[in-house]
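Biologist: I'd like to go through how the chains in this assembly sit against each other. Can you take my questions one by one?

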Protein chains: 12
Amino acid sequence: MHILVLHGPNLNLLGTREPDVYGFDTLAGINEALTLLADDLSISLTCFQSNSEGELIDRIQAAAHDCDGIVINPAAYTHTSVAIRDALSAVALPVVEVHLSNIHCREEFRTRSFIAPVAVGQITGFGPDSYLLGLRALFNHIKKGL
Amino acid sequence: MHILVLHGPNLNLLGTREPDVYGFDTLAGINEALTLLADDLSISLTCFQSNSEGELIDRIQAAAHDCDGIVINPAAYTHTSVAIRDALSAVALPVVEVHLSNIHCREEFRTRSFIAPVAVGQITGFGPDSYLLGLRALFNHIKKGL
Amino acid sequence: MHILVLHGPNLNLLGTREPDVYGFDTLAGINEALTLLADDLSISLTCFQSNSEGELIDRIQAAAHDCDGIVINPAAYTHTSVAIRDALSAVALPVVEVHLSNIHCREEFRTRSFIAPVAVGQITGFGPDSYLLGLRALFNHIKKGL
Amino acid sequence: MHILVLHGPNLNLLGTREPDVYGFDTLAGINEALTLLADDLSISLTCFQSNSEGELIDRIQAAAHDCDGIVINPAAYTHTSVAIRDALSAVALPVVEVHLSNIHCREEFRTRSFIAPVAVGQITGFGPDSYLLGLRALFNHIKKGL
Amino acid sequence: MHILVLHGPNLNLLGTREPDVYGFDTLAGINEALTLLADDLSISLTCFQSNSEGELIDRIQAAAHDCDGIVINPAAYTHTSVAIRDALSAVALPVVEVHLSNIHCREEFRTRSFIAPVAVGQITGFGPDSYLLGLRALFNHIKKGL
Amino acid sequence: MHILVLHGPNLNLLGTREPDVYGFDTLAGINEALTLLADDLSISLTCFQSNSEGELIDRIQAAAHDCDGIVINPAAYTHTSVAIRDALSAVALPVVEVHLSNIHCREEFRTRSFIAPVAVGQITGFGPDSYLLGLRALFNHIKKGL
Amino acid sequence: MHILVLHGPNLNLLGTREPDVYGFDTLAGINEALTLLADDLSISLTCFQSNSEGELIDRIQAAAHDCDGIVINPAAYTHTSVAIRDALSAVALPVVEVHLSNIHCREEFRTRSFIAPVAVGQITGFGPDSYLLGLRALFNHIKKGL
Amino acid sequence: MHILVLHGPNLNLLGTREPDVYGFDTLAGINEALTLLADDLSISLTCFQSNSEGELIDRIQAAAHDCDGIVINPAAYTHTSVAIRDALSAVALPVVEVHLSNIHCREEFRTRSFIAPVAVGQITGFGPDSYLLGLRALFNHIKKGL
Amino acid sequence: MHILVLHGPNLNLLGTREPDVYGFDTLAGINEALTLLADDLSISLTCFQSNSEGELIDRIQAAAHDCDGIVINPAAYTHTSVAIRDALSAVALPVVEVHLSNIHCREEFRTRSFIAPVAVGQITGFGPDSYLLGLRALFNHIKKGL
Amino acid sequence: MHILVLHGPNLNLLGTREPDVYGFDTLAGINEALTLLADDLSISLTCFQSNSEGELIDRIQAAAHDCDGIVINPAAYTHTSVAIRDALSAVALPVVEVHLSNIHCREEFRTRSFIAPVAVGQITGFGPDSYLLGLRALFNHIKKGL
Amino acid sequence: MHILVLHGPNLNLLGTREPDVYGFDTLAGINEALTLLADDLSISLTCFQSNSEGELIDRIQAAAHDCDGIVINPAAYTHTSVAIRDALSAVALPVVEVHLSNIHCREEFRTRSFIAPVAVGQITGFGPDSYLLGLRALFNHIKKGL
Amino acid sequence: MHILVLHGPNLNLLGTREPDVYGFDTLAGINEALTLLADDLSISLTCFQSNSEGELIDRIQAAAHDCDGIVINPAAYTHTSVAIRDALSAVALPVVEVHLSNIHCREEFRTRSFIAPVAVGQITGFGPDSYLLGLRALFNHIKKGL
């Protein structure tokens, strides 16, 4: 089983950026923790971060050929990108949407997700653990469908 | 560590009710799976279901004395109950909100949660696995705070 | 054929409560008239009133085992209860929604019904006659489906 | 007692038009069933269909002189015609609004009725039976007022 | 003169619950202070708290037989309960709505009250003193009407 | 100078229809009063009423050839007819919109006029005098432009 | 018969201010024309302009003692002043609201009038002639009531 | 192949009406151009214009018997007629909606089309060429389905 | 302890103005009753009424130097004056907002208060007694803070 | 005449992506068909696809120097990109907006186009034929302007 | 060059009022700093503050005769005064709107400015420096126009 | 002191693009003028323009290491980019938002800025001078904080 983990804009700053909102973990640290869990579950993992909507779409499209599912933290693009939604919808892979912070405790505009309706499910608010739970959720979802 | 698992209205019908939306698992089955995981994590677990908003509030209040955290699937009360929100907020325990179905794929009124802003986080869309992920998320959250 | 007639909150006050809005008939009188009509149609009838959302849900769930259809006047819960809607939807029995007064002539918030979209149909504005028409409508609907 | 039954735009197509929404009964069939019921109730009946808002208004105005009440299925004009509402309001006859389909299960714009606030009541969702129930409701309403 | 004082959901937690919002007074303390004032005004007082919407409605209905007025802090049900509004409206007793905190300084959804339009008046923001002012206001209102 | 006076739907019922809203004057009486004023101002007058949106449009279009201006009481079509607005806009004659009742004291939906933005001005609330003032206003407006 | 003509803020600039919107007539010229018409109708007239909401209210209150009606062009206060509305409502004199320009062709916020619902009627769009028509309308309205 | 071309209200004025918005072509000219193209495509064509919503509905209903598709410029009825939408939906013929002007550059209320959701597609903004493109689009659409 | 009582626009008309809404008490009478209560509580009292938003702001600013708190009935300015809100907020004195009528039973626009969020609390609906309760509430609030 | 055909995000997946929504044609197939038509019309054609908003803007800006017009299917960016709108507006070339599917039959957010108001016109719903019609429309539009 | 600097309501309290929002500078200090800059730029300056909407309008009107431009901080009237907007629009002088605080970080209602659309530009968020930047901006704007 | 000046999408076209909206100055000219002012203030300046949201984010992130503040004209991304907002928020540098045109005089959607709430302040409407004022404002702001 091969899974793509996608990190949206500004997530490369994790650990340095507004730690009161996003915590002290770095993106490298999160990817490492994900890899450990993936090993446990015998999943092969690819992690990718970009600040560019277009590059994220390109990577999603490529996943159609080499992945069985996607864990995505679309970050700011959650609320503005119909194009990423359409890409996810087009590749027809199971998708799990994750967020570090609880988006329901922040600005009103962060409560709307363009991604959620095309995802299997959404996990929000658990810091880096959101990713780990998301990977586990996706793993279980795919296994159930086999 | 003692955790309360709360099931909101109509969840006692699980497995018989609209299986295309909620799946074939029964509530007893979900509680059993939760207990297995709880055992693994050395958590002591109490499960409670009610169709009554007042009874759910009573149980939440009681949790202040005997629990370290709450996993709640508020079901229909997610969208209408300020009183359950206030109860959760009052007992000041960490709360994880879970949903079986992806509430972002259903009627517009199901996208608003009164509970989410007072929860640590929300997990939605993974069927019974939402509960298991939620228990795990709460466990990690509490351990982190110790 | 067995039909459940459900009366929502405050309907036990009928005949004493705001007669300019709801008329002078008592709930007992309405149940009596319904029973007469039920006898004519060879329907067996159970009538139940509660002020509690939870009890109404419990009764709806029980109907799955002993009824062929439900006539419900959800009264105030019409406009606020997603939980009753979900209960009706879960038991998958034909439902007819009735109202004594014309809800379209009253406060704006009374024009929205959470129940109507899961009912076969809605009858509103004819006083106690709304119930009798509702029973007849449900009877015809069930017979058509046989 | 003389009753006018008004059928709004496109109802002349009944039985041929979108049977999954409106059923297989023709307008002639509905009028026939109404006449049978009217005979039972010793009501004299006039049925009229038009696709033209103006003609429907003309017929409503004429009813002031020769009818005791109106059963109307305003169809699409339900949601757009203030003029028919004003006509009904002007002739000051008791009006019962009926719909074949459950308008609360369809497009959002079909949930608003300009007619309902000037009607005695509304019956929606029972197919041709909506008309029969409507005639009965109007009959009872008029008798009560005598 | 007999007055019913109704406390809505979660008010039993007063003094322990979010003291920065609701203060350190307990419900028992408030009831005591109310009783002292009632004695001064020669009012006989009944105090009742419930977390259940249905029980609150039952108690309001009972008040029609044994009370001259109601002081109610509907708490969370202020914003969601049409059923309590209808109960208050049905018993036709003078009602005074009170709130401990200033509901206009909190979440947007707390600014709408279903109760206020059927009350004589509303007092909000003065902590436990809101109850005492409310009792006084109701006393004066009833005396004026005698 | 030739002026067309257009009366919208249901205005033929004037004098009989809801006199508390529209007064006791008949349409014939209003036309007579208008003719007297027109004689005073040396205006030639044509009066036309229809319940049909299409006929009103036909008459407006015809006015392009034989009239210098239009006084219109669009009645219910004020709030729903883009087609009449377009007709008035197309013939490019000066238009004065009049209403018998004060539309700002009635239902919310009556405060929006599709006609007003293509009219010179609007006169509302003076009963039949609205027409006379409207004719005078149009007369002055046309004279000013000569 | 004594009439007060009230001019709201910035109307003292008339003739100099945005002539493409308001025309070239000065306020003095309009008052003169009004006086001529008042003489014809044997009305005694007082004209008053102020840029201050408070002064306009003071003048309206004074009118209760010495006037039979008010013609008011509330200008910008039309859209923002509940206080002027309340003053007009309090003195209980017949009020006619006039506007020079057609407020329905301008910014969206100019289409809402706080004044219109407490006026007999509204005249808008005819330049200075709006005042003359308004005086005439008020004169007729008062005479009808005598 | 037989196609009905429907022109909505005021389109008979084309060429004379607001040429800056709609251009200088007459309806006759457009029909002529359509006929030329129809000849090229071996389509038999019927053109019909009416200012009456009812007549347009009648013509649409008739098309069920003698046409293979409809090109319609609903003009003002685009934004207000649920009845025409229902007629088009009922006859179940392929429909192409065309507009001369770009409705997205005009008043806000012109951006909503009741017709578009029941049409195959919509062409807007190309003047008379919208019709020719629409006929071509419908022709291709029907051929593809054969 | 020195308290400022501020009366907003049109309150000088009390007793004469719309007695069905505001009662028969005059402003002088209310001030007298307030003075009696103030004497009881050993409060020194200044009462001030103005129809001018600016004068009310001036008086609020002056209160910073000579008062310990403000009881204000902002009347119509409740719903429109950000400037009075800012003045109250700037002087940083405890403020109690009072209303004679129940603003939740009147026009929709009267339910929004710009003042309430910067006040300690709000008392509405008890006629002149609202002032007396307000003074008492403010007195208790200040004493509690000493 | 040189025309730029721009394909927005995810259109490179055409033929493989959700064929029930977008059909089985590939982008290469569409470009080929467009080239055939271009040859017929003696148009020179450049086709360009990108998933990146920025690259699409770059290409639009470049078109100012080498193209006479643009056919654009902005896909998901239709609903979110003010930047592409501004680019199109800046280069001041005639633009035709095309869509494969009927955007009025899909999610609400797809009905708003930021592009349409700066385009000559919009063609939606005809599958690949939308492009061919769009090219033809643009060709005619440019020729008319020569 | 002569410039008017207008300070709206409550700005006379600057330096004493909510220093966390508005800083510690007094109005006198700001006027002094403005005068220094004006001297540098050879501008003659008049500063005026009022809490009264009417007085501010009077001063704006007077500026038509003696000023070349206006720097205005409308404070609370920014969000509520159409009358000040109309005054600024009427005198047809260049206007620069300034704010001490960043109005986009505060209450929702502070984000709407009635003034901005009639100003040359708006400067917000730089404390007293907003005024100095505003004066400089106005100076440059006027010079450019000479 | 080192400042980054960021120009958003399409600003590279300045001077050629819609000069009636944006003026005749080129971006090179603006950068030159900024450099001159920067020299005066002893600021070192970097200017960067991109049409790509991702590249703008990359540059903002880089600024965390080499800049003391950012002047940004986000152009079209002002209204749609949460990602740029998050980037600015993450780097925690003082930001000044500038616009050439007065965004409050244009389309409704241009009045909302995602950037303003995370900026120190906003300057809009002064053409190229907005940049110069913005640089000066940022310079003063940073100096004040030293």
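Modeller: Sure, and keep in mind that this is a predicted model. A good place to begin is the border of chain D and chain F, where the rule finds 7 residue pairs in polar contact, both partners at pLDDT 80 or more. On the chain D side, the elements giving two or more residues are helix H3 (53–66) and helix H4 (82–91).

Biologist: Which element gives the most to the side of chain D that touches chain F?
Modeller: By class, that side of chain D has 6 nonpolar, 4 polar and 4 charged residues. As for the top contributor, 7 residues come from H4(D).

Biologist: How much area is buried between chain D and chain F?
Modeller: Start with who touches whom: 14 residues of chain D are in contact with 16 residues of chain F. Carbon and sulfur atoms give 51% of the area buried there, and that area is about 1200 Å².

Biologist: I like charged pairs. Which residue of chain F does Arg85(D) form a salt bridge with?
Modeller: There are 2 salt bridges between chain D and chain F. In the one you ask about, the closest N and O atoms are 3.2 Å apart, and the partner of Arg85(D) is Glu107(F).

Biologist: What kind of axis relates chain D and chain F?
Modeller: To lay chain D on chain F you rotate by 120° with 0.0 Å of shift along the axis, and the RMSD is 0.0 Å. That relation is the one given by a three-fold axis.

Biologist: Which residue of chain D comes closest to that rotation axis?
Modeller: The two copies use different surfaces here, with 14% of the contact residues of chain D recurring in chain F. Going by C-alpha atoms, the residue of chain D that comes closest lies at 4.0 Å from the axis, and it is Thr80(D).

Biologist: Now helix H4 of chain F. How many of its 10 residues are buried?
Modeller: Buried here means under 20% relative accessible area. Among the residues of H4(F) that pass are Val82(F), Ile84(F), Arg85(F), Asp86(F) and Leu88(F). The helix, residues 82–91, is mostly covered, and the buried count is 9.

Biologist: And at the ends of that helix, which residue takes a positive phi?
Modeller: At the start of H4(F), a side-chain oxygen of Ser81(F) reaches to within 3.5 Å of the backbone nitrogen of Ala83(F). Just after the helix, phi is positive, about 60°, at Ala92(F).

Biologist: Over to chain F and chain G. What kind of axis relates them?
Modeller: A turn of 180° and a shift of 0.0 Å along the axis lay chain F on chain G with an RMSD of 0.0 Å. That is how copies about a two-fold axis are related.

Biologist: Do they meet through the same surface or through different ones?
Modeller: The contact takes 20 residues from chain F and 20 residues from chain G. Since 100% of the interface residues of chain F are also interface residues in chain G, the copies meet through the same surface.

Biologist: Which residues of chain F lose the most area to chain G?
Modeller: The area buried between these chains is about 1700 Å², with 57% of it from carbon and sulfur atoms. Together, 31% of what the chain F side buries comes from His104(F), Gln122(F) and Phe126(F).

Biologist: How many salt bridges are there between chain F and chain G?
Modeller: Polar contacts do turn up, with 10 residue pairs across this interface. For salt bridges, the count is 0.

Notes:
Residues numbered from 1 in each chain as written. Chains lettered and ligands numbered in written order. Predicted model: local features only at pLDDT ≥ 70, side-chain atom pairs only at ≥ 80, totals over all residues. Heavy atoms only, no water. Contact = heavy atoms within 4.5 Å. Buried area = accessible area lost by both parts, 1.4 Å probe. Salt bridge = Lys/Arg side-chain N within 4 Å of Asp/Glu carboxyl O. Polar contact = N/O pair within 3.5 Å; in protein donor to acceptor, adjacent residues only side chain to side chain. Helix = DSSP H or I, 4+ residues; strand = E, 2+ residues; numbered from the N terminus. Nonpolar A, V, L, I, M, F, W, Y, C, P; charged D, E, K, R; others polar. Least-squares fit on C-alpha atoms with pLDDT ≥ 70 in both. Buried < 20%, exposed > 50% of the residue type's maximum accessible area, 1.4 Å probe, protein only.
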